[in-house]
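Welcome! Please take a moment with the sequence and the 3D view below, and then we will walk through the model together.

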Amino acid sequence: MVPTEAKVVEILKGINHPGSGKDIVTISMVRDLEVNDRNIRFSLDTGGRRDPFVKAVKIACEKTLRSAFGEGPGLEIDIVMDAPRQKTPPPVLAGVKNVIAVASGKGGVGKSTVAVNLAIALAKRGYDVGLLDADIFGPSVPKMLGAGDTRPRVRKEGDRSVIIPEKKYGVKFLSVGLFVPADNALIWRGPMATGALKQLIGDADWGELDYMIFDLPPGTSDIHLTLVQELPVTGAIIVSTPQDVALADVTKGVAMFRSEDISVPVLGLVENMAWFTPAELPENRYYIFGRDGCRKLAEKLDLPVLAQIPVVQGISEGGDKGLPVALEGNETAAAFTSLAEKVVEAVDIRNRTMEPTKKVEIKRK
Ligand SMILES: Nc1ncnc2c1ncn2[C@@H]1O[C@H](COP(=O)(O)OP(=O)(O)OP(=O)(O)O)[C@@H](O)[C@H]1O
Ligand SMILES: [Mg+2]
């Protein structure tokens with residue numbers, strides 16, 4: 001019989017792991033199988049743990065494969081015990097289809113507001129949505145979702161603790177701020193926050209999600225670097241107000257994501273606080289922070305403007321009260337619904353026209 005991958009797998013399925021009583025294919029012990037003519041090569045992965053049965057399994061594999069494919073000099077069987085873990089790491093957030101980073105050059109332009117309302121607008125359209133607040137200065141997302149004092153629950157799985165995201169308004173969420181004591185000096189807070197971010201990505205049960213949104217701190221920081229190293233980020237959205245000072249920093253933010261080392265596609269800009277309309281003059285728009293700056297900059301950077309969100313009292317009140325405006329049925333909510341539709345479209349185009357993003361590997365010199 002000529003060895004083929006299918007036949008080898010079938011034969012290995014007949015070998016049980018004495019410890020678990022299940023066959024070694026089902027428990028994912030067989031890794032990196034290569035069948036080349038009469039050369040059979042694979043690894044026996046014990047998950048990085050010491051497995052007293054691995055040697056016995058190896059001997060059983062050799063014996064069974066030899067008797068199936070014939071003794072003799074032509075058959076080469078090479079079984080590597082305990083495949084190095086990093087060779088086939090399980091994908092982080094395997095159930096998450098798209099990771100979206102909401103970023104800005106300047107602080108206070110409305111990232112968290114946009115991230116929260118975008119997440120709700122997507123959930124209202126039936127998508128499974130997660131929101132991770134990566135703000136190291138305080139948990140603004142839980143507060144905006146009206147869940148400021150909620151402590152995330154933890155489930156034990158063997159010796160591993162799995163964090164269970166909270167759910168509000170159809171959005172699963174967690175906040176780095178909840179895992180870092182608020183009064184910690186900034187010098188400690190930064191490294192603690194990057195550690196917490198890694199944990200909230202890797203040790204939380206996010207399940208199946210269509211969109212996972214990250215609300216990032218302003219500018220460029222260790223949090224940004226940690227995110228792109230932990231996960232392949234599908235795309236970034238940059239929020240800005242129309243003021244020159246904010247726009248000047250947009251270019252820097254876009255350049256960071258587009259840099260060769262990071263290579264995260266930018267999906268577009270969101271112009272927040274685009275104009276103000278007084279209640280008594282509903283036809284009037286006052287461009288208090290300037291006009292057309294965002295559109296011109298977007299053209300220069302070859303990016304779409306995904307939304308223009310006006311200054312509306314309901315937006316800040318909704319944030320303060322924990323009742324985001326996207327929950328309502330008014331015109332302001334419609335602006336976020338339209339943003340959600342644009343984001344879905346931009347992600348779809350990105351996925352059809354570009355290669356998946358790769359995680360950033362740390363290069364040691
Ligand atoms: N379009 C808007 N209309 C009215 N108020 C707004 C609007 N966008 C944001 N705000 C208010 O502006 C303040 C700052 O917004 P937000 O916290 O979302 O900004 P941020 O970019 O996340 O800030 P930081 O850089 O500190 O994380 C909040 O009080 C928010 O309610
Ligand atoms: Mg914020």
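Here is a short tour, from the overall layout down to single residues.

This is a predicted model, so treat it as a computed picture. Its protein chain has 365 residues, and 37% of them are buried. The chain is divided into two domains, and ligand 1 has a shell of 19 residues around it.

**Overall layout**

- The protein chain contains 10 helices and 13 strands.
- Along the principal axes, the C-alpha atoms fill a box of roughly 90 × 45 × 40 Å.
- Domain 1 covers residues 5-87, and domain 2 covers residues 96-353.
- If you compare the C-alpha centres of domain 1 and domain 2, you will find them 46 Å apart.
- Among contacts with a separation of 6 or more, 74% join residues that are 24 or more positions apart in the chain.

**Strands β1, β2 and β3**

- Start with strand β1 (residues 30-36) and strand β2 (residues 39-44): they run antiparallel and are joined by 5 bridges.
- One example of this pairing is E34, whose bridge partner in β2 is R41.
- β1 and β2 form a hairpin with 2 residues between them, and D37 in the turn has a positive phi of about 55°.
- On its other pairing, β2 runs parallel to strand β3 (residues 76-81), with 6 bridges between the two.
- Here L44 has M81 in β3 as its bridge partner.
- In a regular strand, side chains alternate between the two faces of the sheet.
- Which side chains of β2 point to the buried face? They are I40, F42 and L44, while N39, R41 and S43 point to the other face and are not buried.

**A closer look at A101**

- You can find A101 in strand β4, which spans residues 96-103.
- Is A101 buried or exposed? A101 counts as buried because it has 27 C-beta neighbours inside 10 Å, and the cut-off for buried is 20 or more.
- Beyond its neighbours within four places in sequence, A101 is in contact with F214, L216, L227, V233, A236 and V264.
- For a sense of distance, A101 and D183 are 82 residues apart in sequence and 27 Å apart in space, C-alpha to C-alpha.

**Helix α6**

- Helix α6 (residues 222-230) has I223, H224, L227 and V228 as buried residues.
- These residues cover an arc of only 130° around the axis, so they sit on the same side of α6.
- The cover over the buried residues of α6 includes β4, α5 (186-202) and β10 (209-215).
- L227 links this topic to the one before, as it is among the contacts of A101.

**Helix α8 and the loops beside it**

- In helix α8 (residues 293-300), the buried residues are G293, C294, L297 and A298.
- They too lie on the same side of their helix, because they cover an arc of only 130° around the axis of α8.
- Turned away from that buried side is a face with the exposed residues K296, E299 and K300.
- β11 (235-240), α7 (244-258), β12 and β13 are included in what covers the buried residues of α8.
- Most residues other than glycine have a negative phi, and most peptide bonds are trans.
- D292 has a positive phi of about 70° although it is not a glycine, and D292 is found in the loop between β12 and α8.
- D292 is exposed because 11 other C-beta atoms lie within 10 Å, and the cut-off for exposed is 12 or fewer.
- Just after α8 comes D302, with a positive phi of about 60°, in the loop between α8 and β13.
- With 8 C-beta neighbours inside 10 Å, D302 also counts as exposed.

**Around ligand 1**

- Which residues of the shell come nearest to ligand 1? They are G107, G110, S112, T113 and S316.
- By type, the shell around ligand 1 divides into 7 nonpolar, 10 polar and 2 charged residues.
- Four elements each supply at least two residues of this shell: α3 (111-124), β12 (266-276), β13 (305-311) and α9 (313-321).
- Two of these elements, β12 and β13, also appear in what covers the buried residues of α8.

Definitions and conventions: Residues are numbered from 1 along each chain as its sequence is written. Chains are lettered from A and ligands numbered from 1 in the order in which they are written. This is a predicted model: local features need pLDDT of at least 70, side-chain atom pairs count only at pLDDT 80 or more; totals for chains, interfaces and linings use all residues. Two residues are in contact if their C-beta atoms, placed from the backbone, lie within 7 Å. A residue is near a molecule or strand if its C-beta atom, placed from the backbone, lies within 6 Å of it. Ala, Val, Leu, Ile, Met, Phe, Trp, Tyr, Cys and Pro count as nonpolar, Asp, Glu, Lys and Arg as charged, and the others, Gly among them, as polar. Domain bounds come from an automatic or database domain assignment. Two strands pair if DSSP finds at least two bridges between them. The arc is that of the directions from the helix axis to the C-beta atoms.
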